[in-house]
Amino acid sequence: MAEKRQYYGLDVVKVCLAVLVAARHVIQLFYPVESRWRMVIGSWLSNLAVPGFFIMSGFLLFRKMEDGRTRGDGKILSGYCLRILKMTVLWSALYLPIDIMNWWYGKDGVWQWVLDYLRYFVFNHSIVHLWFLPALIAACGLVWFAYSRGIKIWQILVAGGILFAVGCIGDNWYFNQQLPPKIWKFYVWYFEWFLTMRNGVFYGALFVAMGLWFAKTRLRIPFPAAAAGFLGSLALMFMEVRVCQNVNMVFTSAPTAFFLIAAALSVTGDGKERLFWRLRGLSQWIYLSHVYFLYLFSWTARWNPLRFTKKGIMISVFFPMLLFCGGMVRLSEKERWRWLKGIV
């Protein structure tokens, strides 16, 4: 089993990516269509978040395992997936008032809403960011299954890359509108039943496999080389989103996220710095709770003293969100409130 080590770089990257996710959703909801931030944050930088989260999750999971084949490794996986499943159910329950409110102002009947809710819960999610949790379970299970059956890591990466390419093509109109009719019909059928390709199969498998590679390889890319690869790939990613107008799944996010995590993994420590543990908790609270602060901003808009400029909107969402999330992290350090750590 891998030695215990605190990867400070991962904690810093994780909180930055969580902030990007929250900023992305603020911009998508409240910024004008012509705003340049829709492209810079919404389509470019924030599309590193999910790949980064998948890679880090895969790395931290598989570094606890010997070779994926032992009974103990299976218990590690099942325990991890059970924890993510509990988190999915818990946060779905916490967001249920918003789901009910959206239904109340919609047009669907009760039973139609229940059926749609269950369908979205399995294949996507009714809350914009919670789809990642069941997708993570699926991706980790898929990669572990392949690895435990003796399939080589490079083969899992190739298979994951193919699935990711299929997902990118299906998710983006720039590509799928150019497909042959038979393949287009397949995509139409798929989306009718499964709603999205942003899931653990087409999106998560490649990046969790990257995490597996980082966990098992002895090769470590030096920080200067990883940083150079990251900046070069980031420039290519910018070009892709400008030309193709990608919103969710971006081809060049794969090498960009790979080099980002490679750079982060080169920054390590002995685990004694409390600051980085707090950053980890802060990132989890931001990611999981930020949608409530979008609604809070909408509900309190008439009493908001700030002007509804882009800066005013961002401050109105982020100030209470960071105050709340930071407070939850500090509160969870107290003996009486340690149960808060189980929420994230």
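**Close-up 1. What lines the second largest pocket of this predicted model: ten nonpolar, eight polar and one charged residue.** This is a predicted model, so read each view with that in mind. The pocket's volume comes to about 390 Å³. Of its 19 lining residues, L29, S126, I127, V128 and Y295 sit closest to the centre. Two elements, α1 (8-30) and α14 (274-299), each give two or more residues to the lining.

**Close-up 2. D11 and R280 join helices α1 and α14.** Here we're looking at a salt bridge between the two side chains, with N to O at 3.1 Å. D11 belongs to helix α1 and R280 to helix α14, so this pair ties together parts that lie 269 residues apart in sequence. Are the two partners buried or partly exposed? D11 is buried, because its relative accessibility is just 2% and the cut-off for buried is under 20%. R280, on the other hand, is partly exposed, with a relative accessible area of 23%. Helices α1 and α14 are also the ones named in the first view, as elements that give two or more residues to the pocket lining.

**Close-up 3. R278, R330 and E333 make up a network of salt bridges.** Zoom in on R330 and E333 and you'll find their closest N and O atoms 3.6 Å apart. Both of these residues count as partly exposed: R330 comes in at 48% relative accessibility, and E333 at 23%. R278 is the other member of the network.

**Close-up 4. E335 reaches R338 through a salt bridge.** For this pair, the closest N and O atoms are 2.9 Å apart. How exposed is E335? At 63% relative accessibility, E335 counts as exposed, since the cut-off for that label is over 50%. Its partner R338 is partly exposed, with a relative accessible area of 38%. Taking stock of the salt bridges, the count for the model comes to four.

**Close-up 5. Six residues form a nonpolar patch on the surface: V122, F123, F186, W189, W193 and F194.** Together they offer about 610 Å² of accessible area. Which elements give two or more residues to the patch? They are α6 (110-123) and α10 (181-194). Helix α10 supplies the largest share, with four residues. Over on helix α6 we can pick out F123. With a relative accessibility of 33%, F123 counts as partly exposed. That value also clears the bar for joining a patch, because patch residues need over 30% relative accessible area.

**Close-up 6. M87 and L130 are 9.7 Å apart in space, C-alpha to C-alpha.** Along the sequence, 43 residues separate the two. M87 sits in helix α4, which runs over residues 71-94. Is M87 buried or exposed? M87 is buried, with a relative accessible area of 8%, and that follows because the label applies under 20%. For a contrast in accessibility, flip back to F123 in the patch view, which is partly exposed at 33%.

Technical notes: Residues are numbered from 1 along each chain as its sequence is written. This is a predicted model: local features need pLDDT of at least 70, side-chain atom pairs count only at pLDDT 80 or more; totals for chains, interfaces and linings use all residues. Side-chain values use heavy atoms; hydrogens and water are left out. On a 1 Å grid over the protein atoms alone, a cavity is a set of points where a 1.4 Å probe fits but cannot get out, and a pocket is an open set with protein on both sides within 12 Å along at least five of seven lines; lining residues have an atom within 4 Å of a point. Grid points are joined across faces, edges and corners, and a volume is the space filled by probe spheres set on the points. Ala, Val, Leu, Ile, Met, Phe, Trp, Tyr, Cys and Pro count as nonpolar, Asp, Glu, Lys and Arg as charged, and the others, Gly among them, as polar. Patches are made of residues with over 30% relative accessible area and no salt bridge: like charges are joined within 9 Å, nonpolar side chains (Val, Leu, Ile, Met, Phe, Trp, Tyr) within 5 Å. Accessible areas come from the Shrake-Rupley method with a 1.4 Å probe; for residues, only the protein chains shown count as cover. Buried means under 20% relative accessible area, exposed over 50%, partly exposed in between (1.4 Å probe, protein chains only).
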